[in-house]
Amino acid sequence: MNPLLLQYLPDIEVKNLRDIDRQVAMQMLQWELQASVDAEPHTLQLLAMASVMVSVALGKGQVCLPLTSCALPEWREFWSEHSLLASSQLAACRTVYVAEADPKTAVGEFRDYAQQPLVLHGNNLYLARYFFYERGVLTQIHQRLAQEPALKDTELTGTLTQLFGEPAAVNPGVAGSGAAGSEAVVDWQKVAAASACIRNFAVITGGPGTGKTTTVTRLLSALLSQNPQMSIALAAPTGKAAARMTESIRGAKLRAQQSGENTLPFAEQIPDDSYTLHRLLGWSPRGFRYNANRHLPFDCVVVDEASM
C-alpha cells in the first residue's frame, strides 16, 4: 500500500478493496496536503477513510456516502467512534465544498464552488461530479413539477372509473345491525395512474407482481382518452429491459382484447415497441441527437427500470 495511505488509514485489513478506492483516497490526501500545510492528522485520517468509502459506495451504485453509516464492515467499529465529528471536520478541508441544504438550489447557483473534488451536503459526502449530476436531475424534476398540468383531475374521473372500476367496499353496513356504513378500499393502482396523469413527472414503484405494467397501460389509455393525438415513447436503460417492457405491454393489451369488453380504450395507440435510452436519445459517436436544447418529439415518455 502507498506510504501515505499507510500513514492515515486504520491498520485494519479490508477485503475486496479496489485499487480505485485506494487511489481516490491517495489523491484526496495529496491535494489536501498541498492546499493546507497545517491540516490536523485526525482530520486527514477522516478524509482518507471517507474518500475510500465514498468510492466504495459509488461502486455499489450509491451516489453518495451518508456519514452516519460505514460502507466497509471491517471499519464499522472504528468509524462509529469518529462519525459524529466527521461532518464538521470534513467541512474544514480544502478539498471539500460545503453545499447549502436547500434542495431547490440549481446547479448554476453554487457560485462559490471552486472545483473541490468532494461535496458535503448535509450529512452526505459526494464525489463532486455525482453531486452535480444529482442536482441537475433534481432541478429538471422541480421545473417539470412547477409547470401547469395539461389535465385536471375532474376531467379524468370518469375515464379512471372505466379503467379501474368503482372502489370496492369492506365492512358493509347491514340494516338493523348497527354496523357502520361501507368503507372504500383504496385502489393504489388507480391513485398512481391519476397522479401520473395530472403531473408532468411521476415515479411509479412497487415490487414484482404489484401491477406496475397494468397501471402504466391504463394510465396511457387514460391520457389518450383525453388527447387521442398524444405521442408516446416507451424506453428502458438496456436492451433486455426494453424487451421485457415490450412483452409486458403487449401482454396487457392482449388480455384487454381477449376480455371482450372495452376495458382499455385506445389500446391500439399505445405503442408496442420500446427503445433503449441510447436509441431513444439518438446516440452516435458525435453525441446525442436529443439533449437539453433539442427535446424529444414525444408528449409522454415512460422509462421502465428507472432505478438502473
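## Exercises on a predicted model

R22 has a relative accessible area of 24%, so R22 is partly exposed. Buried means under 20% relative accessible area, exposed means over 50%, and partly exposed lies in between (1.4 Å probe, protein chains only).

The model is predicted: local features need pLDDT of at least 70, side-chain atom pairs count only at pLDDT 80 or more, and totals for chains, interfaces and linings use all residues. Residues are numbered from 1 along each chain as its sequence is written, and side-chain values use heavy atoms, with hydrogens and water left out.

**Exercise 1. Find the salt-bridge partner of D19 and place the pair.**

Step 1. Apply the criterion: a side-chain nitrogen of Lys or Arg within 4 Å of a carboxyl oxygen of Asp or Glu. Side chains of opposite charge can pair when their charged atoms come close.

Step 2. The partner is R22, with the closest N and O atoms 3.5 Å apart.

Step 3. D19 and R22 sit 3 residues apart in helix α2, so about one helical turn separates them. Helices here are DSSP runs (H or I, at least four residues), strands are runs of E (at least two), and both are numbered from the N terminus.

Step 4. Classify D19: its relative accessibility is 63%, so D19 is exposed.

**Exercise 2. Describe the salt bridges of R250 and K253.**

Step 1. The structure holds 5 salt bridges.

Step 2. R250 pairs with D273, at 2.8 Å between the closest N and O atoms. This pair links distant parts of the chain, 23 residues apart: R250 lies in helix α10 (239-258), D273 in the loop between α10 and β8 (274-276).

Step 3. K253 pairs with D272, at 2.9 Å from N to O. Again distant parts of the chain are linked: K253 is in helix α10, D272 in the loop between α10 and β8, 19 residues apart.

Step 4. Check accessibility. R250 is partly exposed at 42%. K253 is buried at 14%. D272 is partly exposed at 30%.

**Exercise 3. Which elements each supply at least two residues of the largest nonpolar core?**

Step 1. Define the core: buried Ala, Val, Leu, Ile, Met, Phe, Trp, Tyr and Cys residues joined through side-chain atoms within 4.5 Å.

Step 2. The largest such core has 36 residues; V52, M53, L67, L72, W75, W79 and L118 touch the most other members.

Step 3. The suppliers of at least two residues each are α1 (3-8), α2 (19-35), α3 (41-59), α5 (83-91), β3 (118-121) and β4 (124-127). The largest share, 10 residues, comes from α3.

Step 4. Now list contacts of W79, meaning heavy atoms within 4.5 Å. Leaving out residues up to four places away in sequence, W79 touches L46, M49, A50, M53, L67, S69, C70 and A86.

Step 5. A second, separate core has 25 residues, including L151, L223, L224 and C300.

**Exercise 4. In what order do the strands of the open sheet lie?**

Step 1. Two strands pair if DSSP finds at least two bridges between them.

Step 2. The 4 strands run in the order β1-β4-β3-β2, with mixed pairing. The edges are β1 (65-66) and β2 (96-99), each paired on one side only.

Step 3. β1 and β4 are antiparallel and joined by 2 bridges. L65 stands opposite L125 in β4.

**Exercise 5. Is V203 buried or exposed?**

Step 1. Locate V203: it lies in the loop between α8 (188-197) and α9 (212-226).

Step 2. Its relative accessibility is 65%, so V203 is exposed.

Methods
Contact = heavy atoms within 4.5 Å.
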